[in-house]
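Colleague: I'm new to this one and would like to understand the terms people use for it. Could you walk me through them?

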Amino acid sequence: MTDKYCEGNLAGRTEDFLSQVALTSLSGALVVLKSCEDLLPMAEDLRIVHKCVEITSAKACVEANFPSRSPPNWWTEELTILDIRFFERIIASMKSRGAKGLTLASAIITYTERSLRDLVRDHSGNGARSSESTDSDVRIRQREILESIVGLLPSEKSAFPINFLCCLLRTAIFLRADSRCKSELEKRISSITEHVTVDDLLVLSFTYDGERLFDLESVRRIISGFVEKEKGVAVFNAGDFKEVCSTPMQRVAKTVDAYLGEIATYGELSISKFNGIANLVPKATRKVDDDLYRAIDIYLKAHPNLDEIEREKVCSVMDPLKLSYEARVHASQNKRLPVQIVLHALYYDQLKLRSGAEDHKTPDAVTTRNQLQADVSLVKENEALRTELLKMKMYIQDIQKPAGTTSSKPSARKPTFFSSMSKTLGKLNPFKHGSKDTLNMDDGMPDLTKPRRRRFSIS
């Protein structure tokens, strides 16, 4: 078969065919490489695989910079026919040749969407069910592909769109991938969380059928990592890490509040998990708490069996002083809110009316909050005192009832000391019968005779 015996033998003719025909184009090199999957390890020993990988990576880099056909990323579709092992080697070879992160990301995204089609691209849940066994041969194979793909991700944080990373993380959670794989994806998402949308977070939170909550811990770690990063930036810039109010942080705060409003309707969402996600964002970041109030109202409506203390715990994440006028009006009429929050809303409006301040001029928050707490305590004390007075009044009435009240006929009321004294004093009243003459009063009863009329003459 070799040229040891004669020239033009099979081995030489094969080498000539590969170099002069098969490996002259990207598509031809991929076809040969695909054929090598069934010829391992012989194809490796003959270095055919190595030659095909080098030629494919070189031609892919050229096509990425100077596309020869339309669409420009046609070569990424060609790579999807390969096994993940050969795809890894091509990406590694392209990296060594200096391929850009966006070029590699384009190839990785296309390959992932083809190899994990039912998990990454199908957002309706028709392609996967959470009840399917994650230990089946298909799922095990998919888990290996996913972990390999995550290992290929370039270091540039902006190379991949955040929705693609969220889909990868949801797939990793579903397939029970290695913890290092999930941690890597969470860190990448956390680094660009300012671009996250509510739909991206919902992708992580629900099962593929959308019927129940899936994983909230990943969302919590992503938001927490982003907040810590922003705090570090604020400290580095000689700022106060307690007052993190950067534009990306404010954008994330609005996204988190809207996200809470979407998941608040699910009964399995506990108060601790709801408050835990809401408290991840520093309170100083929220200029207005209207979105958070909407999420709280939805949660209270979806959980009507909460008692007063539990409702106060839910509302503890919100600052009533940061509600807009429309939200305060709604809160003052909202029967689902605890009394304390309603009093805060009412008192704040009354305080502004008295001071004549404009809506954008907010009084000192600490002073107002302390006054609100004092007023709430006073209202509670007044309620307790009113209850005690009512009990004392009923107790006195029971004491004053005669002993024979249990008989069939009610007996005459026994005169009390105060009633008898009032009758005695009434008899001593000198004006009882209208007389104003106090000169003719004797020691006994006053003279009640009608005075004689007198005629006065001017003569």
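**How the labels are earned**

Modeller: Gladly! This is a predicted model, and over residues 123–127 its pLDDT stays under 50, although that stretch has 9 contacts beyond four places in sequence. Residues 404–412 also have pLDDT below 50, with 1 contact in the model beyond near neighbours in sequence.

Colleague: What is the mean pLDDT of the protein?

Modeller: The mean is 79, and 71% of the residues reach 70 or more. Since pLDDT is the predictor's confidence from 0 to 100, those numbers speak about confidence in the model.

Colleague: What makes Met392, Tyr395, Ile396 and Ile399 a nonpolar patch?

Modeller: Patch members need over 30% relative accessible area and no salt bridge, and nonpolar side chains are joined within 5 Å. Met, Tyr and Ile are on the nonpolar list, so Met392, Tyr395, Ile396 and Ile399 count as such a patch on the surface, with about 420 Å² of accessible area together. Tyr395 belongs to helix α20, which covers residues 365–400.

Colleague: Why is the space lined by Lys283 and Asp289 called a cavity?

Modeller: In a cavity, a 1.4 Å probe fits but cannot get out. The search of the whole structure finds 1 cavity of 30 Å³ or more, and the largest has a volume of about 30 Å³. Its lining consists of Lys283, Arg286, Asp289, Val317, Met318, Asp319 and Lys322.

Colleague: How do you know whether the bond between Leu40 and Pro41 is cis or trans?

Modeller: Look at omega: it is about 0° there, and the bond is cis. Pro41 sits in the loop between α2 (26–35) and α3 (42–45). The bond from Ser70 to Pro71 is cis too, with omega near -5°, and Pro71 is in the loop between α4 (48–65) and α5 (74–79).

Colleague: And what makes the phi of Arg47 worth pointing out?

Modeller: Most residues other than glycine have a negative phi. Arg47 is not a glycine, yet its phi is near 65°, a positive value; this residue lies in the loop between α3 and α4. Arg176 also has a positive phi, about 55°, without being a glycine. You will find Arg176 in the loop between α10 (162–175) and α11 (179–191).

Conventions:
Residues numbered from 1 in each chain as written. Predicted model: local features only at pLDDT ≥ 70, side-chain atom pairs only at ≥ 80, totals over all residues. Heavy atoms only, no water. Patch = residues over 30% accessible without salt bridge, like charges linked within 9 Å, V, L, I, M, F, W, Y side chains within 5 Å. Areas by Shrake-Rupley, 256 points an atom, 1.4 Å probe, with all protein chains shown as cover. Salt bridge = Lys/Arg side-chain N within 4 Å of Asp/Glu carboxyl O. Helix = DSSP H or I, 4+ residues; strand = E, 2+ residues; numbered from the N terminus. Contact = heavy atoms within 4.5 Å. 1 Å grid on protein atoms, 1.4 Å probe; cavity = no way out; pocket = protein on both sides within 12 Å on 5 of 7 lines; lining within 4 Å. Points joined across faces, edges and corners; volume = space filled by probe spheres on them.
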